[in-house]
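Trainee: Could we go through this model together, one question at a time?
Mentor: Gladly, let's open it.

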Amino acid sequence: MKGRSAALVDRLCAFVGMTVGLAAFAIAILVAYSVVARELFHASEFGITDISTYLMAYITFVGAAYGIWVGAHVGVHLLTGRLRGRARAAVSLVANGLLTAVAALFAWLSAAFWLDAWRSGERAWGTFSIPLWIPYSSMLAGTALFLALQLTRLLVGRTDFERRDRAPE
């Protein structure tokens, strides 16, 4: 069961990672267009800053969730690199427990932030006066996904040490 669950989550995360990459590519295209439009045609950009900012929020929050699953975060192993056996397992358990608590706190706070924007009807000040709950949704989705993936990591027994120690795929 654990292997199938992890494989399913791997496929989901591969899709999420692709969307994060596409968002980064879209930002590059939008900024390049903005520069060309301004410099060559003296045209103003219409909402490119707004769209790029919203895509950057998506990359940040959803990308962090993807990064935790694939082990793409920065790890410092000054102490844990020297540990073996039970000591290493204990440190891993404590670290993953703390990360789960932080993920839960971020998810809870972003849900409250999103709900406040939803209830207040507050709108963006930029070119597009859209309700702020729309761009805040990427923060909520990213933190909720981060928490779900961290809980899944604990359930399937995936640790940072295992991801780092494996041979490259």
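What follows is a short exchange about helix packing, the core and one glycine in this predicted model.

Trainee: How are helix H3 and helix H4 oriented, roughly parallel or roughly antiparallel?
Mentor: Good place to start. The axes of H3 (residues 85-120) and H4 (residues 133-156) come within 8 Å and cross at roughly 155°. Angles over 145 degrees count as roughly antiparallel, so H3 and H4 are roughly antiparallel.

Trainee: Which class of residue, nonpolar, polar or charged, has what count in the contact of H3 with H4?
Mentor: The crossing of these two helices, H3 and H4, is left-handed. Sorted by class, their contact holds 1 charged, 6 polar and 19 nonpolar residues.

Trainee: Which helix supplies the largest share of the largest nonpolar core?
Mentor: That core has 18 residues, and Trp69, Leu145 and Leu149 have the most contacts inside it. At least two residues come from each of H1, H2 (48-70), H3 and H4. The largest share is 6 residues, and the helix supplying them is H1.

Trainee: Which residues does Leu149 touch, leaving out those up to four places away in sequence?
Mentor: Leu149 is one of the residues with the most contacts inside the core, as is Trp69. With those sequence neighbours left out, Leu149 touches Trp69, Ile68, Tyr66, Ala65, Cys13 and Val9.

Trainee: Is Gly3 buried or exposed?
Mentor: Gly3 lies in helix H1 (residues 2-41). Its C-alpha atom is 7.7 Å from that of Val156, 153 residues apart along the chain. Exposed means over 50% relative accessible area, and Gly3 has 53%, so Gly3 is exposed.

Note on methods:
Residues are numbered from 1 along each chain as its sequence is written. This is a predicted model: local features need pLDDT of at least 70, side-chain atom pairs count only at pLDDT 80 or more; totals for chains, interfaces and linings use all residues. Side-chain values use heavy atoms; hydrogens and water are left out. Axes are lines fitted to C-alpha atoms, for helices over the stretch in contact, and angles run from 0 to 180 degrees between N-to-C directions. Helices (H or I, at least four residues) and strands (E, at least two) are DSSP runs, numbered from the N terminus. Angles under 35 degrees count as roughly parallel, over 145 as roughly antiparallel, 65 to 115 as roughly perpendicular and the rest as oblique. A crossing is left-handed if the near helix is turned anticlockwise from the far one by less than a right angle, and right-handed if clockwise. Ala, Val, Leu, Ile, Met, Phe, Trp, Tyr, Cys and Pro count as nonpolar, Asp, Glu, Lys and Arg as charged, and the others, Gly among them, as polar. Buried means under 20% relative accessible area, exposed over 50%, partly exposed in between (1.4 Å probe, protein chains only). A nonpolar core is a set of buried Ala, Val, Leu, Ile, Met, Phe, Trp, Tyr and Cys residues joined through side-chain atoms within 4.5 Å. Contact means heavy atoms within 4.5 Å.
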